[in-house]
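Dear colleague,

I am passing on the structure below, together with notes on what turned up when I went through it. Please read the notes with the model open beside you.

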Amino acid sequence: MLKMPLPDTAVLACRAEIVHALRQIVPGEGVIDDASELCAYESDGLTAYRTPPMVAVLPETTEQVVQVMRYCHSAGIKVVPRGAGTSLSGGALPLEDGVLLGMGKFKQVLEIDYVNRCAVVQPGVTNLAISHAVQERGFYYAPDPSSQIACTIGGNVGENSGGVHCLKYGLTTNNVIGLEMVTIDGEVLRLGGKHFDASGYDLLGVMVGSEGMLGVVTEVTVRILPKPPGARAVLIGFSTIEGAGDCVADIIATGIIPGGMEMMDKPATAAAEAFVHAGYPLDAEAVLIVELDGCEAEVDHLILAVEKIAGRHGASSTRVSQSDDERLLLWAGRKAAFPAVGRISPDYYCMDGTIPRKRIGEVLSRMRQMQDQYGLRVANVFHAGDGNLHPLILYDANQPGELDRAEAFGADILRLCVQVGGVLTGEHGVGVEKRDLMGTMFTEIDLNQQQRLKCAFDPQGLLNPGKMFPTLHRCAELGRVHVHAGQVRFPDLPRF
Amino acid sequence: MTVYRPADAAEAAEVIAAAAAERQPLELLAGGTKRGLGRPMRTSHSLDASRLSGVIDYDPPELQLTAHAATPMAQIESLLADNRQMLAFEPPDWRGLMGSHGTSTLGGVIACNLAGPRRVRAGAARDHILGFFGVNGRGESWKAGGKVVKNVTGYDLSKLQCGAYGTLSLLTQITVKVMPRPETVCSLLFRGLSDEAAIALSSQALNTPQEVSAAAHLPAAAARRSQVTAVADRSDTVTVFRLEGPTPSVISRLASLRAQLGGGEPLQADDSRLLWDEIGAVRPLLAAHNRCLWRLCPTPAAAPLVQQQVRAKLPSSEGFYDWGGGLLWLSIDAREAGADGGAQVVRNALRQAAGHATLILASDAVRTNVPVFQTLPAPLAALNQRVKYGFDPHGILNPGRMREDQ
Ligand SMILES: Cc1cc2nc3c(=O)[nH]c(=O)nc-3n(C[C@H](O)[C@H](O)[C@H](O)COP(=O)(O)OP(=O)(O)OC[C@H]3O[C@@H](n4cnc5c(N)ncnc54)[C@H](O)[C@@H]3O)c2cc1C
């Protein structure tokens, strides 16, 4: 288990006073200090970690957020922003001595601007609610995490969330064009807007994926897109994982970027089939779902092309959806893969590494070998189109030692991802979960540079500390300048 | 004035570390084609990264390419074309625009966050950088991001380098996302529309599900300068939309778009390519002799009003809308624009529309006197300044390029 920063006893000693001060800012039930109610906030989607916050605050206006931040900043109190709490990396894990800032009451769609193809929403609006708000005019918001019914756009910004459609339409970061945010010292900043870019550094780009560590997002402007006129899905079974992996590479090499391209291995397919009865081929070692969207002529053309490619790679079965209901059915199992796996195992631990597509087969077979080593099984569902793996490690938290083994197994999988040229996390974020693995990808200099960005936003380190960085440096220490001018490696270079 | 030409990233780091130790500001450049972009700098030394050149890793099905930062764009583009791929953000060639001759390089395109008319669908350079190696203003070699398309490990410091004009780090190696090249392209052209009508039609076109991948409106003066006969021949305004993709799809969508917009003349593939290159390159379509040139990013629908307001105060102004790029380009006679290059008029006109304006072309004196990039509200400016400090505490990397203090 990971260690969180030691709680500040001086802050904890003032709890009553802090609660009182916060109640002056957010009246009524917006400040929660009752232990039983605080339990609701003690963890996010990474449920192995639980800490009730010192106090939870649920503001309703930007002005209240400003006041809360000013107060916490001046009193040196830590703040952890939270959306729906579905983060799988512990990004919204509370701190014992911190204020949990729940943004769930920011629920309004403020403006839908079809002329400029964007929507302005509050951060507590769920991902799916944005698409619902614009569907009457045939529009949608493209990034579609599987958690989209529950997760908020503020959380999506925090994690730079992705989804099945991100291969073709981009991640959160490519679909957010403006933000309003409140800094730790209570300053309201606007980044971007309805127009492209902004003057100055791309701070909007940095805010997306910053895991609640740089500021509190209070408003989001997203791009909305006209819905493609049609979409069909092809379900392809393969007798080998390698065949499926090669098929994925070949589809892309041919110049096709499908709307979505997802893979499930045999255990995941079995679990999903038992859950939704979509008619998945249970004898296949790997199942690929490829969705082609666009006008009818394009979809028909690409379906044929994909079927041909699948044939070349030894597909054992192919099924093309004949109606939208059938298309949704083919997706249903993939979309419900997590809960489906939840039914075959008391607990599961979801990993999120990305690897170069060409290494898929190799990484999956290495994972199978590791299963024996750890005595735990793995089911794999993943965004094959972009090489983003979601190995689900099955374990039982009630068996002593299994959680620790699952965590060690997960860490090994992520190290393997980095080893083959990939990264620790494709869309779930570092949070507390992968914090201590950052060193496998980055040097100390890389990580110090990351932290210096953090220092520009939050010099006292009050916003969501204990996440992302394995070692926390004080900003003053990072600001010190050591220049190694004495070490001359290239004596022939001209000197100033 | 010394020009340092490091042979590799390690040498570059040593040059920068030495410069940091002696507090010697450095101009960073490679091909030098966009040297005139931004505020003029007064540095006595420069670091020419041109030797950091060459493609390191390119595997088409992985949709990524890694190259040393000063690899010529021409080399990258021809390699991609050979594999029927492309940089989807269509980095425009601005040599004509900047009046420069060298070789444009990948690092320059990234540092200036360029984008072409496909922006509305594909984004800008910022949306295509996956990771990089660089050297910060302390002379430390560091990296961020990775080589895979999906990655949220750590802050997205790759995007931060895009549009930082080399003020945060010297980029030494860059990985970008690449995409398949569309099988075919064609455009649909309308004539004689007023600015307002053209913008309304553009909005309508982009709001159809026909995946319009670029939209532009050329007032008559701009249209006349095009090399594409069908665009130039009638002395009339031209509004144009682009469709790309597999051939059967483009044929079908063209028919649908014509039905939805009530007509339009198709423009065939070669003409279409030439026209969109001209739009990206800007220079072919606008008077440039003795002019100040502005690049405006307004809230889209407000652009015609902005253009009218500038025109009312500065009648010599002419321009065109790269609508897919979200841009209004304005060229103003330098004498009429005066000592501030028209900054006050342009930025006042932009005020209600929100957005920002960049002074792309003007004399060194004008670009020294007025903010080339839009001034930021004080708290945001202070934050930008702290960000800069975090990368370059002594202010030795391209100092003053973006703002007096940056
Ligand atoms: C079953 C399941 C399926 C999932 N599928 C996917 C998937 O397909 N793709 C994917 O990318 N993710 C997926 N996730 C992960 C998760 O849903 C996303 O990370 C989501 O974006 C989190 O949103 P949230 O509102 O729950 O945010 P939270 O979990 O509350 O917070 C996430 C992070 O954002 C910060 N944050 C939240 N709101 C704000 C704000 N207003 N201002 C500043 N910071 C803020 C928090 O501090 C935290 O660091 C899944 C999770 C589950 C449980």
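A:Gln122 counts as buried, because its relative accessibility is 11% and the limit for that class is under 20%. The model is a predicted one, and this residue sits in the loop that runs between strand 6 (118-121) and helix 5 (127-134) of chain A. A polar atom of the side chain of A:Gln122 lies 3.1 Å from the backbone nitrogen of A:Lys107, so that the pair falls within the 3.5 Å allowed for a polar contact.

Chain B offers a similar kind of case in B:Ser100, which is placed in the loop between helix 3 (95-98) and helix 4 (106-111) of chain B. B:Ser100 has a relative accessibility of 15% and therefore counts as buried, and a polar atom of its side chain lies 2.7 Å from the backbone oxygen of B:Thr33.

The ligand comes next. It is surrounded by 33 residues, and the closest of them are A:Pro81, A:Gly83, A:Thr86, A:Ser147 and A:Thr152. Two of the contacts that you may want to look at involve the backbone: a polar backbone atom of A:Gly83 is 2.6 Å from an oxygen atom of the ligand, and a backbone N or O atom of A:Gly91 is 3.1 Å from an oxygen atom of the ligand. From the side chains, a polar atom of A:Thr152 lies 2.6 Å from an oxygen atom of the ligand. On its own the ligand has 970 Å² of accessible area, of which the protein covers 94%.

As for where this shell comes from, strand 3 (78-82), helix 6 (153-159) and strand 10 (216-223) of chain A each supply at least two residues, and helix 6 of chain A gives the most, with 5 residues. Seen by domain, the shell draws at least three residues from domain 1 (9-102) of chain A and at least three from domain 2 (109-226) of chain A. By residue class, the shell is made up of 18 polar, 11 nonpolar and 4 charged residues.

Turning to the cysteines, how many disulfides does the structure hold over all chains? There is 1, and it joins A:Cys455 to A:Cys475 with an S to S distance of 2.1 Å. The pair links distant parts of the chain, since A:Cys455 belongs to helix 18 (residues 444-457) of chain A and A:Cys475 to helix 19 (residues 475-479) of chain A, 20 residues apart. The link of A:Cys455 and A:Cys475 is left-handed, with -90° about the S-S bond, and both of these cysteines are buried.

Why does A:Cys14 not form a bond with the closest cysteine sulfur? That sulfur is in A:Cys72, and the sulfur of A:Cys14 is 13 Å from it, which is too far for a bond, given that a disulfide requires the two sulfur atoms to be within 2.5 Å. A:Cys14 is partly exposed, with a relative accessible area of 30%, whereas A:Cys247 counts as buried because its relative accessibility is 0%.

Two residues of chain B deserve a look for their backbone angles. B:Arg23, which is not a glycine, nevertheless has a positive phi of about 50°, and this residue is found in the loop between helix 1 (9-21) and strand 2 (26-29) of chain B. B:Val282, also a residue other than glycine, has a positive phi near 65°. The place of B:Val282 is in the loop between helix 11 (269-281) and strand 15 (291-298) of chain B, where it is buried, with a relative accessible area of 1%.

Finally, there are two pairs in chain A to set side by side. A:Ala397, in the loop between strand 18 (388-395) and helix 16 (402-419) of chain A, is partly exposed, with a relative accessible area of 45%. A:Ala397 and A:Asp347 are 50 residues apart in sequence, and their C-alpha atoms are 6.5 Å apart in space. A:Ile251, in helix 10 (residues 241-253) of chain A, counts as buried at 0% relative accessibility, and its C-alpha atom is separated by 39 Å from that of A:Ile445, which is 194 residues away along the chain.

With best wishes

Technical notes
Residues numbered from 1 in each chain as written. Chains lettered and ligands numbered in written order. Predicted model: local features only at pLDDT ≥ 70, side-chain atom pairs only at ≥ 80, totals over all residues. Heavy atoms only, no water. Near = heavy atom within 4 Å. Polar contact = N/O pair within 3.5 Å; in protein donor to acceptor, adjacent residues only side chain to side chain. Areas by Shrake-Rupley, 256 points an atom, 1.4 Å probe, with all protein chains shown as cover. Helix = DSSP H or I, 4+ residues; strand = E, 2+ residues; numbered from the N terminus. Nonpolar A, V, L, I, M, F, W, Y, C, P; charged D, E, K, R; others polar. Domains from an automatic or database assignment. Buried < 20%, exposed > 50% of the residue type's maximum accessible area, 1.4 Å probe, protein only.
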